[in-house]
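Got the viewer open? Keep the selection box handy, and we'll go from stop to stop.

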Amino acid sequence: MTRPNKVLLGLLLFNGLSATAGGLALMTDWIPEQASWVRGTDFPSNYFPGVILMALVGGSSLIAAAALLKRSDGWQLASIVAGTIMGFWIVGEIASIRHFHLLQLLYFATGALVVTWTPAQQTEEASAEVEEPTSSSTARRQVRDGDANATE
């Protein structure tokens, strides 16, 4: 794994684990409920925002991290979606609770970094892992495709 992908993996794991822990903390009242946090929202308590934080925000980052580790097809899309979800979560959180905390800036920045540092194409490392065609495999392909000049 390349160094940039390791940094990206670290960001995804940081976002995923901390959002999951934060969601659980909201759901179990480990973080004391403050009425001002849900006053202007449709939520009667911190429970459902905790579920969203854990499942959607944390889950998307953890899924993207797992996809990156496994080098699954579409891991870049999963990573970009996870970073975007983090950004929208922070904007929605600030808008709904009408309060700003330094941690919100940190998490918005990590979400933005995930989006901007996710490569748009397959990385060189992944390209190098693809087997280069040998002359014998090229010749077999030419024979199979009907090229009369090809020899084994």
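Select Ala-82 to begin: with a relative accessible area of 2%, Ala-82 falls under the 20% cut-off, so it counts as buried. This is a predicted model, by the way. Ala-82 sits in helix H4. Show what surrounds it, skipping residues up to four places away in sequence, and you'll find Ala-82 touching Leu-12, Ser-60, Ser-61 and Ala-64. Now add Leu-56 and look at the C-alpha atoms: Ala-82 and Leu-56 are 8.7 Å apart in space, with their positions 26 residues apart in sequence.

Stay in helix H4 and pick Ser-79. Is Ser-79 buried or exposed? Its relative accessibility is 0%, so Ser-79 counts as buried. Turn on the side chain of Thr-118 too, and there's a polar contact of 2.7 Å between the side chains of Ser-79 and Thr-118. Leaving aside neighbours within four places in sequence, the contacts of Ser-79 are Leu-8, Leu-12, Ala-64, Val-114 and Thr-118.

Leu-8 is the next click. Again leaving out neighbours within four places in sequence, Leu-8 is in contact with Leu-68, Trp-75, Ser-79, Val-114, Trp-117, Thr-118 and Pro-119.

Time to select a whole group. Which residues make up the largest nonpolar core? There are eleven: Leu-8, Leu-9, Leu-11, Leu-12, Ala-64, Ala-65, Ala-67, Leu-68, Trp-75, Ala-82 and Val-114. Colour by helix and you'll see that H1, helix H3 (47–70) and helix H4 (75–97) each supply at least two residues of this core. A second, separate core has eight residues, among them Leu-26, Leu-53, Met-86 and Trp-89.

Follow H1 from end to end. At 1.5 Å a residue, its 25 residues should span 36 Å, and the end C-alpha atoms are 36 Å apart, so the two agree. Just after H1, stop at Asp-29 and check the backbone: its phi is positive, at about 60°.

Next, the rings. How many aromatic pairs does the structure hold? It holds two. Select Phe-14 and Tyr-107 for one of them: the ring centres are 5.5 Å apart and the planes meet at 10°, so this pair is stacked. Phe-14 lies in helix H1 (residues 3–27) and Tyr-107 in helix H5 (residues 102–117), so the pair ties together parts that are 93 residues apart in sequence. Switch to a surface view: Phe-14 is partly exposed at 37% relative accessibility, whereas Tyr-107 is buried, with a relative accessible area of 19%.

Then jump to Tyr-47 and Phe-48. Here the ring centres are 5.4 Å apart and the planes are at 85°, so the pair is edge-to-face. Tyr-47 counts as partly exposed at 39% relative accessibility, and Phe-48 is partly exposed too, at 47%.

Finally, zoom out and show the whole chain as a cartoon. What does it contain? Seven helices and zero strands, which read α-α-α-α-α-α-α along the sequence. Of the chain's 152 residues, 34% count as buried. Among contacts with a separation of 6 or more, 67% join residues 24 or more positions apart. Put the surface back on for a last look: the chain exposes about 9,600 Å², and carbon and sulfur atoms supply 64% of that.

Terms used
Residues are numbered from 1 along each chain as its sequence is written. This is a predicted model: local features need pLDDT of at least 70, side-chain atom pairs count only at pLDDT 80 or more; totals for chains, interfaces and linings use all residues. Side-chain values use heavy atoms; hydrogens and water are left out. Rings of Phe, Tyr and Trp (its six-membered ring) pair if their centres lie within 6.5 Å; planes under 30 degrees apart count as stacked, over 60 as edge-to-face and the rest as tilted. Helices (H or I, at least four residues) and strands (E, at least two) are DSSP runs, numbered from the N terminus. Buried means under 20% relative accessible area, exposed over 50%, partly exposed in between (1.4 Å probe, protein chains only). Contact means heavy atoms within 4.5 Å. Accessible areas come from the Shrake-Rupley method with a 1.4 Å probe; for residues, only the protein chains shown count as cover. The expected span of a helix is 1.5 Å times one less than its number of residues. A nonpolar core is a set of buried Ala, Val, Leu, Ile, Met, Phe, Trp, Tyr and Cys residues joined through side-chain atoms within 4.5 Å. A polar contact is a pair of N or O atoms within 3.5 Å; within protein, one must be able to donate a hydrogen and the other to accept it, and residues adjacent in sequence count only if both atoms are side-chain atoms.
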